[in-house]
Every structure is written in structure tokens, then in C-alpha cells.
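Biologist: I'd like a close look at how the strands are laid out here, starting with one sheet. Then please carry on to whatever else helps me read the picture.

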Amino acid sequence: MAFPHRLDAPELPDFSMLKRLARDQLIYLLEQLPGKKDLFIEADLMSPLDRIANVSILKQHEVDKLYKVENKPAVSSSEQLCFLVRPRIKNMRYVASLVNADKLAGRTRKYKVIFSPQKFHACEMVLEEEGVYGDVSCDEWAFSLLPLDVDLLSMELPEFFRDYFLEGDQRWINTVAQALHLLSTLYGPFPNCYGIGRCAKMSYELWRTLEEEEDGETKGRRPEIGHIFLLDRDVDFVTALCSQVVYEGLVDDTFRIKCGSVDFGPEVTSSDRSLKVLLNAEDKVFNEIRNEHFSNVFGFLSQKARNLQAQYDRRRGMDIKQMKNFVSQELKGLKQEHRLLSVHIGACESIMKKKTKQDFQELIKTEHALLEGFNIRESTSYIEEHIDRQVSPIESLRLMCLLSITENGLIPKDYRSLKTQYLQSYGPEHLLTFSNLRRAGLLTEQAPGDTLTAVESKVSKLVTDKAAGKITDAFSSLAKRSNFRAISKKLNLIPRVDGEYDLKVPRDMAYVFSGAYVPLSCRVIEQVLERRSWQGLDEVLRLLNCSVTKEDKASSESLRLILVVFLGGCTFSEISALRFLGREKGYRFIFLTTAVTNSARLMEAMSEVKA
Amino acid sequence: MRRLISACLCTGRKYELYSMDWDLKEELRDCLVAAAPYGGPIALLRNPWRKEKAASVRPVLEIYSASGLPLASLLWKSGPVVSLGWSAEEELLCVQEDGGVLVYGLHGDFRRHFSMGNEVLQNRVLDARIFHTEFGSGVAILTGAHRFTLSANVSDLKLRRMPEVPGLQGAPSCWTALCQDRVAHILLAVGPDLYLLDQSACSAVTPSGLAPGVSSFLQMAVSFTYRHLALFTDTGYIWMGTASLKEKLCEFNCNIRAPPKQMVWCSRPRSKERAVVVAWERRLMVVGDAPESIQFVLDEDSYLVPELDGVRIFSRSTHEFLHEVPVASEEIFKIASMAPGALLLEAQKEYEKESQKADEYLREIQELGQLTQAVQQCIEAAGHEHRPDMQKSLLRAASFGKCFLDRFPPDSFVRMCQDLRVLNAIRDYHIGIPLTYSQYKQLTIQVLLDRLVLRRLYPLAIQICEYLRLPEVQGVSRILAHWACYKVQQKDVSDEDVARAINQKLGDTPGVSYSDIAARAYGCGRTELAIKLLEYEPRSGEQVPLLLKMKRSKLALSKAIESGDTDLVFTVLLHLKNELNRGDFFMTLRNQPMALSLYRQFCKHQELETLKDLYNQDDNHQELGSFHIRASYAAEERIEGRVAALQTAADAFYKAKNEFAAKATEDQMRLLRLQRRLEDELGGRFLDLSLHDTVTTLILGGHNKRAEQLARDFRIPDKRLWWLKLTALADLEDWEELEKFSKSKKSPIGYLPFVEICMKQHNKYEAKKYASRVGPEQKVKALLLVGDVAQAADVAIEHRNEAELSLVLSHCTGATDGATADKIQRARAQAQKK
């Protein structure tokens, strides 16, 4: 099933170096505080930390006890406290309260705060305001790239999405630029850069400045990675909002994959304990089904089970020597495979139970109708029913957003009534959620008439391209428009259906959405790679706003290693789609994302919940 | 100067560096003199305080280069000076009688001053020495109370008062500062005794093997590296040994009992020969291991400057260098030397004369297999020659010899050529830094460049960098940056001209920091120039701190935003916040969206009130509304407070022309009040439930009337109400009420949901009731749900709907539905026939 890569596809670089770098730096920082110390770790950092350094490594460097940073007073008796946190004001208050409590009790201890991935001035400022700046020493752990898999690097910054796309906070852009700089010093230089979106542009520019400041380091080195794409999440909300039907995506939607591993509950393990499973290329069973459409997975697994049985059966009729061989060499592998197989079969069953029901089919049908843009009324009333029945606040919201983006905003009547219904069903605090969604351009009202677009296109005909770009920028800040329909037509995102789409032998990247839709983000990348430039995509670019390019064709023709950077998160469906493209065309893709995301995470990031 | 003994000594030689025409007004002996080592500058201060002259005449401090070119001259206006000395950074330290030390630059520019402490101030300074240590330059002071105070490093001033010498009544006959094991000591002589003062104790010491009969030490000298010490006694006897006094190297009796004016060591590093130069008024004597001394007669007042590998001697008219002849030179130039280098030199000379003797000499060297050595010798000797013609002839010989060698690595030759070129350039009269090859190597090219920069010899420094191909950042850029820093101090040139000149010269040279230059300009009080210079700084991040310092915060803000560094923006914001009044601060923010959102983020967590003010200032009623809504959930506890917050929010929304939000908020206020009432009247929890959940709770509690009232009041649409009731009644399993409800009027959501919900509760009986009422288009689905496959098939066949047929077919399982399946197949076949 899992198709092999073409022979001319390049090898992936070895990203374990990033882990080593991060580990060494952390150890160095811990050693800066000699002697026994207690380590307070922020919850969000625990899983990433676990992938870098386990408890025994921490113990080796004289970490005594581990605590979670939470809103409770700590009961540490150590003379030295070390905090490993994200640069958040909330955490600073926590540290300050601890220090101040000690001061009241007349106790003096050593405190050290290690910020990851970087320190923000605002944090130090809070420490200062709370009167503990002098008592605390601050350090940075520049750990911004966690290799989750052989081809997936995550910055593990889910807040990037809300901070940038909702609050307009550009703090993390610097972190992105630093990460890119690190990659280019280790694996660079990157001859071709393409970017879409404002954030991509800023990150790119900041990154260039960094490179220029440290000129000469990467000069003269042979590039390994030929192209780099920077994509803003808001360029393609649609893909992220769709229900995922590829196995890995489904597992993420259903069980939530966290930092490359998932907790399968009792309903999967069919025992009373839950099981933590690391999902990556090392899991042989998973590796073969991760990119498959869900409808194929079950068949594959049962075939696999039969093969396994056959392998077990071979031991009948073995003589003693063969049996000895079998036990010592194969049995362990088989057992391992057996274990994995049963886990995934359990997961599949659990997903089936949830998803093969009537409502899921209808949900998918509605999504496809929205993507194609027909039966809008029917879809709208489906969504209304969804809300009325209180199916799920997040799901309802997702459908509303999908409707809004594909339709370039809701018509005023629907906009009001859907919102009213939603507030009645899920609570009035979501008034704030709607205000957020509107600001982020996820759920908007259609402007009376298409005046803006009309004026815009007139203007752009009159003036030069560059100026037009600026004007487009200006317009888009007036009203964030998605233009999905036009882009979809231009890029042919909805494949023409002639006959049944064979999901077993996918034709194109649309298979990740059951053949109904090619992910926009992936299509753009495909087109650029095919044309070796933006050439012929001018209209699309105009619709998507803001782009950056740096091309150095001479050196890059043969480079088939491609880095795709998603700013604001990417979904497993997009990853699967690009992996498919890579296999077809002989590319290898490397993914760098601020965090792995899905529709639910996006919606949650926008939601206001009562404290 | 007249020679007493011919110059063909085997241990020492003397050559003239410069003939001085510095036109001294005073005799050297009337002046305080200080000459910096490594061919450094000479400072003279006529000493009016020693003689009983009229104190009204102010003395002049003059500074000359080693070649006698005047560098500075200034009228001395401060107190009496006891001693002058140069620091390692070529700064002139002038120790005053009151213990104050004034520091001047090479060009007579005043740098700073520091004091040697109260004790010194009270007891006055009797004598002072400036000495050099690993850390920098030190000052040692002998006070009028015969106590010593010293500081080992004047740039990091830590005063140390040395312990008292027991029984010391008068001033010591001579003393010196020593530096051993990174600690500074004082060695002093009182009568026949020597004392070593370190930080904690004073210990008497005796030089090993000192000749008897010494009743007093008249002079002592420490070598350049602090390794050796020489003592001159009143018996005319000179003891030379290690600085620890534990080992005697040699001794000499010169039979002159007059105290010498100066005594300095003259030896090169790692040399076995020891020699000390002793100077009296009219006599100079070089004494060493040999039984004979070398003597010179001094025609004029002369002054000795100890160097690393020799002694510089200058007087009114000349400046000479006396040193031990290096081995290589000695080998070559010794009369009738048969050393390979000497032969090679000879061979080359003959070759130039086109004489066949060249071949003979060469063959002689080659036969001994010493050609490589010969070349090396010539190269080395060239380095030690002062005169370019001598250097040339030696290098020519080396080059000639090289031709006959197969594999002689060229770099030593090339490097020597380069070094000599640099040395000759700086030895030039106009530059006046007479460095020897050994000194140059010890000093390093970097320090030499610094010294050229200090002398403002920028073009020469740059030429040297370019000639030696030093990396730009270490070489040219650094010098240009220094030049620029000097340039901004030229007050007579306009800001524009200076900025332009600097930019023209520096351009985009890597490693040049415009912000550093600008900081210097600001330091000189030229703010405008600093801003102009900052414009050239490519890294915005570097511009900001200085702009803030210069109180150009608004400019700093836009630069910070340009840099994309949010931390930098934040730093500026905090500055602005303290600097401007609130209104102006907000106005500034308003024009900078990026800064504004950054500050908002901060306020959200740290200063909620400020956030509100920000929105107010901007008339951002939408956000203000959201702010109050959030407050109604987070900040307010009491219901009245919450309603009040919502009211404020609603008002804000009206102002924002967001009627939808305003209405929704008002509804919420109503709901809150109502929920409160419900809680009071019915008990249970209602607060903070959504409208839907409130109604559901009422139905579940059996308060149908209230529920309907609420639905009417809040205009809950029919569809929702039906869904709601349906779900609630099924949850209650109140099938009777459900049936009644279903018949109350025609269902707006159809009857399929009824079937579904009954099946969910596993009540097939009830489900079937509703299945019959389901509309035709959903009938098949309903029948399948209740499990009536046969009837579903009939309906589907009747509808002739292909999709429905296959749906039913997919539900046909096993033998029981076999007949039905057949029926469908038949119907299909029929349909196809048609």
C-alpha cells in the first residue's frame, strides 16, 4: 500500500542533530545552576521536553524533583528552584508569587527562569513590576525546532495562531526567523524561496536580515534543500477547516495527537488502561496506513493480520533448529507488529463507531457541497439544524466558518440568524467568539455588493503591478476577503468527477478529501514547482495577497528536497497530500510548522470560554 | 658622541635611530623625562619645583615622537609633578605631589585623573614609579612618611598600602617596583640592607654572593621582563642576578663610586649574555659577564630607555639604539666568519660582480650541506638590520641561495619581506616608531595598528592592513571606525559635512558600526550629527538604544518597528510610557498598529484598566463592548455587577453601530435576571446556562408552562423548540407527552427525528408510531431505522428511486431478507428494461 518513493527522490536530512543541540543547550543551562535543584516545568513544555531529554538525563544534571507549573503554591524544599517556561506573563506572576512568598517567610533561595524558545522583554518587565527582578536570573533555551518525525519539524507553538492571526501580535515572527536561520546554517543555503501571506513576508525579511548579519557562514556551501515555501495559515483556512479522512488526520481529529504521540483510551485498547503510542515512521504498521484514505485502512489491516497469522503458522512443521531460529530472530518482531496491529485495529474500530454513522456521512456531504458551492440553502439549513440540536459547539462553529469562507462571507440575514441560534444554543459568551472570528476573517458578513473587488480590479488595471499590490494590501486590510470561489476555479481545486473516484489508487491530492477537493495550500506548491516560478499564477497571487520570491534557478534545478513552512499550523491532511505529491513527482517534502493543527484546534483558539 | 672603543665588539653594538632636531629649550637634566617603551613617545616637563626658581613661571609639558617631532605642548596649570610615566596604552601619567594622577593622551588631550588616596595626600609624594604588569600599568608611590602605596593597574584602580618597614627613618637610598607571580612588590634599600615589601609583610633579603663591604646601595635596575635585577653599591661594585636575589649571575667592579644617574638592563630575551648599562653625567658603561667593560663618553646629557631587546639612548641631538648583537648577525658579520650565512652573502656579492668566486662559495656551502641554514641565517639577520640597504643585501643573498634549493618553503622569506616593509615604514622619521623586529613581534600587528590609530596615522594604518591583507573586520574597518570617531570630534566642521565624509569613506564596509560612531558623536554633544550617522546604520536594532538615550523616542519607536524585533519595540514603548503623558502616549501608539497590538497584549494580562483607556481613546466601541462583556464573566461576581457591565457593553455596541451585538447583550441581561428569578423560585442551577439549556432544564423539571413562556419571550424559533422538546421528552422517556406534543401541530422538522430519537432510546414500539407519519421522501430511511426492510423495499420500488433501492439493498442481511433482496433485483431489472 504505502508506495515507495521514486528512485531519484533525495534522502531526508538527519534532523536528530536538532535534538542533540537542544539537549546540550539545556544541559548547559542546568549546569549553570550547580548543585541540587527542583525543576518547575510548564505543562505545554512537558511533552516536547520529553522528546529531548528524559528524566534520567535531568537527574544526571542534579535535578531533584520535577513540578508542573500550575496555579498552586509549590511545596518544594530545595534551595534552588529552576523554572522552564514559555515566555508568558501568567508564568511570570507565578514565579513572582513564589519568590514573594519566600521573602515573606524570610527564606532565601536561588531562582532561575529558563525561557523557551526565547525571552520577551514584557516578561522581565512583569518580574520587575512584581519586585523580584533582582532575585531571579533569566536565561533562554533556544529550543524552537522539535523533530516529530523524519520529515516533520514542529515549533510546538500552538498559540502562534491566535497571537498572530487574531491579536496581531508579531512576537513569534522573530522566533520563526531564528528557526529558519538555524536550519539554514545546519542544512542551508536555500536557493529558492516562495512565500504567501503577510506573516511569511515578515518572517522572510527578518530571516534575511539575520543571514546578512552573519554573512559568509553558509556561503559556498552546496545547497541540499532546493526550495522553501512559507505559507500563512490564513491564506488557506478552508483546508484546515475540513473534516479529515486520511488515517493520521482522523486519528488526530478523533483522539488528538499531542506532540507526536496519542493516548488511546480504554475503548481502543479494550482493556481498562489507556495506552500512549508514539506515532511516527518508526511504527511500521502506522507508517503504511498513515497517508491512506480511511476506507482502505480496515482492509489493509485485516490483510496484514492474515499475513501475520501466516507467519506465526509457519512454526508448525519446523524442526527444533528452525524453531530456535524463529524464536530468537523473528518472534520479537512479529510480537511487536502484532501489538501495533492490535492497537491500530482498535483505533479503527473506535473511529468507525463514531464516524460511519449517518450523521457523519451527511456532514461530509454538506462539506463537499460547500466546497463545490452548490445547494447553499440546503447546507445553511443543515448548519442551522446542527446548531439547534446542540451537536457540538466547535463543529457548529467550524461549519459556519466554512460556509463563510467558501461563500466570501454570509449574507446578512444568515449571518444574524445563525449567530442568534448559536448564542441561544451554546451560550451568550460566544458573542466574543464571533467578534474574534470576524477579526480573523473566518466568519464575516458579505459586504453589500461586490464593490470592493470591482474597484480593486479597476485600479489594478490602471497602475503598475507593484502599486497594485500595495493597493490590494490596503483593500484587504479594509475587509479580509477569502476569494475562495475564484481561487478554486483558477487552480481547479474541485476535480471534475467522471465516475467513481478510486480511493485505493489515488489520482491526485484530492484523495485526502475523498476526491472532492485538492487542498489549496498544496495545490499552490504543486503549481509553483511545476512552473518553476510564479509565472502564470499572477491572478491567483493577486487574490491571495502578498507574496515573496527569491529565485536562484541555476543551482537548484536538480534539488528535489523541499521545505514547506506553515505559519499558524498545518494539518495531517496537508502533510499526506504533499507526501503523495512527492511520491508521484520524485520530491521529498520536509514540513516545518508552528504546530500541528486541525479544525477543532483552530476553532478553540478563536473561542472565548468562560474562565 | 665619540667612541672610546671601536665598534667591533662581539657583544654589543649601537646605531643611530634618528638625529634629533627637536630644538629643546631646556637641558634634559632640568626636566622630568618619560619615554614609553616600544619606540614610544617622549614626554618632557621642565621641573621648576626641584630648584628654588620662581614658581610663578608655569612649566610647559611637551610631548615628542621618538624621532623628535612635536606632538603636543601645553602649559602645566596643575600642582607640582613628582614623576611622569607612560602607561601600556601610551597614556601619560603625571603623578603630582598631592598624590593626584593626571592622565593625558598622546596629543596632550586630558583624559581623566585619579587620586592615590588620602594617606598619600596628607604625607605628599616623595617619589613615584610607573611600572608595567601583565594587567596593565601600575603606579608605586613613596610618601613623605616613608610608606609605599601602589596600584597594580591604573585602569582598575585598587590602592594597596604596603606594610611599614621597621626602623625606617629616612628615605630609602633606592627602590623599585617588582612584579613576580602576578603580584607587585617593592624592593628597597636602606643602608646595607634590602627589604622586600609584599602585601602582607616586609622581609629582609640578602642577594646571594654579594661581595662584602657594602654599606649602601646606590642604584637598582630591574630587567624589562622583571626576571633580573642589578644592584650598584657604594663600593662601585655591581651585582647582577635573578630578581628573587637567590641566584647571582655575575658581578663587576667598575671602581666608580659616584652614584650613577641611570642604570638599565640591556639584554635580549632568551639570550645567555647579561649586560647592564650604567650612565653617569658624562660616561656610559656597558658591563656584563666579561672582565672588561665597554665604555662610551657622553658628549651631552643623555637619557636611557630600557627596551625588550636593548636600550635606547637619546640626547639633544641624537637618538641611538644599543643592543646585543643577535646571533645570526654576529655569525654573518664577524670578521672572517665562515658561517654559512656569511659565505652566502659573500657568494651573492661575487655573483653580482659576475665573478666565478660566487660558485666557489656556493659550492663550499653546499658541500657542507648548509645552504638551507645559510638562507635562514640571512633572512633572520635581515630582520635585525636597521638600514634598508643592509636588509636588502641580506635578503638578496637569501633569495640567491634559495634558487639552489629544491624545496625551501617560501613563507619565512615572504613574511620577513613584509615585516621589514612595515617596520621601515613606521621607523620613518615622520612616523617615528623605531621598533626592532623582536619588539614588533612581541607587540603584534594589532597593537601596532592601535598605536598608529592613536597617533591618528589612519592612512598608514589602512595601507598596512591592505598590504598585509588583514581581514577587513580586524583591519581596515576597525581603523575606519576609529577615524570616524576622531572625525566627529572636529567641532569646526558642520554636521552635514562630517556625516557625508564619514559615509563616503566607510560606505558599507563590513564590521563598521555606525551606531558606535554615532554614540561617540553624541558623547561629544553633537546629537544632530549622531542622528544623521544613525541613518547609515543598516541594522535598525542598533539604532534604537542610542536614539532612546538621545531622547528621540518616537524616532526610536519607528526604527524598532522597522527592525521587526518585538522586544525592542517593547523597550521603546516602556520608555515612551514614562516619558510622555498618557494622552500623547496613546496618540503615538495609534499611529503604530504593531506597537499598539503589542501593548494591548501586555495590558490584557497586566493592566486591564489601561486597556479600557486605550479603547476609549480610540473610540473603539466594538472592542470596548467586548471588554465589558469579558468583564461581566471574569471580573464581576454579583449579578447586579454583571448586569451593569453588560449594560455598559450594550451601550458601547450601540455606539459601534453593532445592533446585533447590542440586542444580544440586552437579551443576555434579561436572561440573567430571569435565571436569577428561576433559581429563587424553583431552586436548582440556572445561572450561566444558555437559553436553550435553560428551557431544556425547565422541561426536564416539568415546568412546561414556564418553558413555553420563556420560548415565547425570547422568540425561540419553532424548529429549535421542537428539537429541544423532542430531545428533552425522550430523555425523560415521557412517551405519552411526546405523542401529545407530536400531535399538537404539524412538526416543522418532520417526523424522522422522532423515529431517530426513539430508536436512540431503543424504543422500537414508539418509533414505529412515528415512522408511519414520516413524509414520503424520508420514508425509506425511517422504515430502515425501525428495521422494517421489507416495507422499505416496497416503498423504494414504488418510488423507483435507484439510490433508495441500493440503500435498502445494503441493509439486506443474511437469509431473512433474501426474498426482499430478490424483489429489489427484479424491480431493478424491470426498470432497466424500460
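Modeller: Let's start with the word "pair": two strands pair if DSSP finds at least two bridges between them. Keep in mind as well that this is a predicted model.

With that in hand, go to chain A and find strand E1, residues 37-42. E1(A) pairs with E2(A) in the parallel sense, and five bridges hold the match. To get the register, look at A:Ile41, which stands opposite A:Lys68 in E2(A). Lying against this part is helix H2 of chain A (residues 43-52), which packs on the sheet and touches E1, E2 and strand E3 (80-85). The direction of H2(A) makes about 105° with that of E1(A).

Now zoom out to the whole sheet. Five strands make up an open sheet in chain A, with parallel pairing and the order E2-E1-E3-E4-E5. Which strands stand at the edges? They are E2 (63-69) and E5 (136-140) of chain A; each has a single partner strand, so one side of each is left without a neighbour in the sheet. From one strand to the next, the twist averages 20°. If you're following side chains along any of this, remember that in a regular strand they alternate between the two faces of the sheet.

Chain B gives you an antiparallel sheet to set beside that. Here four strands form an open sheet, in the order E19-E20-E21-E22, and the pairing is antiparallel. Strands E19 (217-222) and E22 (248-253) of chain B are the edge strands, each pairing on one side only. Ignoring direction, neighbouring strands of this sheet are turned by 15° against each other on average. In this sheet, E20 (residues 228-233) and E21 (residues 237-242) of chain B pair over five bridges in the antiparallel sense. A handy landmark is B:His228, which stands opposite B:Thr242 in E21(B).

Elsewhere in chain B there's a hairpin that deserves a look. Is strand E7 (residues 81-86) of chain B mostly covered or mostly open? Mostly covered: six of its six residues are buried. E7(B) runs antiparallel to strand E8 (residues 92-96) of chain B, and five bridges join them. The bridge partner of B:Val81 is B:Gln96 in E8(B). Between E7(B) and E8(B) sit five residues, and in that turn B:Glu90 has a positive phi of about 60°.

Next, the charged side chains. B:Glu164 and B:Arg147 meet in a salt bridge, 3.9 Å from N to O. This pair links distant parts of the chain, 17 residues apart: B:Glu164 is in the loop between strands E14 (160-161) and E15 (174-180) of chain B, while B:Arg147 is in the loop between strands E12 (137-143) and E13 (148-151) of chain B. The two ends sit in unlike surroundings: B:Glu164 is exposed, with 55% relative accessible area, whereas B:Arg147 counts as buried at 15%.

Another pair is B:Lys559 with B:Glu535, whose closest N and O atoms are 4.0 Å apart. B:Lys559 is in helix H16 (residues 553-563) of chain B and B:Glu535 is in the loop between helices H14 (527-534) and H15 (540-549) of chain B, so this salt bridge ties together parts that are 24 residues apart in sequence. B:Lys559 is buried at 12% relative accessibility, and B:Glu535 is partly exposed at 48%.

Then there's a local one. In the salt bridge of B:Arg670 with B:Asp667, the closest N and O atoms are 3.1 Å apart. Why are B:Arg670 and B:Asp667 separated by about one helical turn? Because they are three residues apart in helix H23 (residues 659-682) of chain B. Both partners are partly exposed, B:Arg670 at 37% and B:Asp667 at 33%.

Back in chain A, a network of salt bridges links A:Asp149, A:Asp151, A:Glu248, A:Arg290 and A:Arg579. Over all chains, the salt bridge count comes to 80.

Finally, chain B as a whole. It has 33 helices and 29 strands. Its C-alpha trace spans about 140 × 75 × 55 Å along the principal axes. The radius of gyration is 50 Å, where a compact globule of 834 residues would have one near 28 Å. Even so, 52% of the residues of chain B count as buried.

How values were computed: Residues are numbered from 1 along each chain as its sequence is written. Chains are lettered from A and ligands numbered from 1 in the order in which they are written. This is a predicted model: local features need pLDDT of at least 70, side-chain atom pairs count only at pLDDT 80 or more; totals for chains, interfaces and linings use all residues. Side-chain values use heavy atoms; hydrogens and water are left out. Helices (H or I, at least four residues) and strands (E, at least two) are DSSP runs, numbered from the N terminus. Axes are lines fitted to C-alpha atoms, for helices over the stretch in contact, and angles run from 0 to 180 degrees between N-to-C directions. Contact means heavy atoms within 4.5 Å. Buried means under 20% relative accessible area, exposed over 50%, partly exposed in between (1.4 Å probe, protein chains only). The radius of gyration is taken over C-alpha atoms; the globule rule is 2.2 Å times the number of residues to the power 0.38.
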